[in-house]
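Biologist: I should like to learn how to read salt bridges in a model. Could we work through an example together?

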Amino acid sequence: VASLVAAGAPPSECEGAGAGGSSDIATMLLILKSTIGGTLILIPGAFRETGALAACVVLVVVGGIEIHCMSLLISCSRVVGGGSYGDIVDRSLGRAGRWAVDVSLVLSQLGFVCAEMLYVSKNVH
């Protein structure tokens, strides 16, 4: 399902898709892929630095929180009629909320890229 959505397949080809988009599971998988894909390179270093037990506990807790937040985001999107993060917040909090979300998304992506560049430059010899 997620591969169909990622490949741009029409919603009718996606299992469980509603009238205007992908199913809840496909949407959660796409959000998970976009969030974890970029940070997957950092996980081995995190395990090395913190230890296997602590890293496993933190990974499970943060993963559970992330899945819960994805589920809340999907529910909120359906309530307000869908759209991007900015559209959802615009309908909820107005233009100031949209601006805050757009700025935070740009800054977080910039932070992810910088962190990955630092990690790669430190660990590739």
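Modeller: Let us begin with one pair in this predicted model. The side chains of Arg48 and Glu49 form a salt bridge, with an N to O distance of 3.9 Å.

Biologist: Why does a distance of 3.9 Å count as a salt bridge?

Modeller: The general idea is a cut-off: a side-chain nitrogen of Lys or Arg must lie within 4 Å of a carboxyl oxygen of Asp or Glu. The pair Glu49 and Arg48, at 3.9 Å, is therefore counted.

Biologist: Are Glu49 and Arg48 buried or exposed?

Modeller: Both Arg48 and Glu49 are exposed.

Biologist: How many salt bridges does the structure hold?

Modeller: There are three salt bridges in the structure. One of them joins Asp87 to Arg98, whose closest N and O atoms are 2.3 Å apart. Asp87 belongs to helix α5 (residues 85–93) and Arg98 to helix α6 (residues 95–123), so this pair ties together parts that are 11 residues apart in sequence.

Biologist: Which residues are linked in a network of salt bridges?

Modeller: The network links Asp87, Asp90 and Arg98. In addition to the bridge between Arg98 and Asp87, the side chains of Arg98 and Asp90 meet in a salt bridge at 3.7 Å, N to O.

Biologist: How is the exposure of Arg98 to be read?

Modeller: A relative accessible area between 20% and 50% is read as partly exposed. Arg98 has a relative accessibility of 26%, so Arg98 counts as partly exposed. Asp87, at 24%, is partly exposed, and Asp90, at 29%, is partly exposed as well.

Methods:
Residues are numbered from 1 along each chain as its sequence is written. This is a predicted model: local features need pLDDT of at least 70, side-chain atom pairs count only at pLDDT 80 or more; totals for chains, interfaces and linings use all residues. Side-chain values use heavy atoms; hydrogens and water are left out. Buried means under 20% relative accessible area, exposed over 50%, partly exposed in between (1.4 Å probe, protein chains only). Helices (H or I, at least four residues) and strands (E, at least two) are DSSP runs, numbered from the N terminus.
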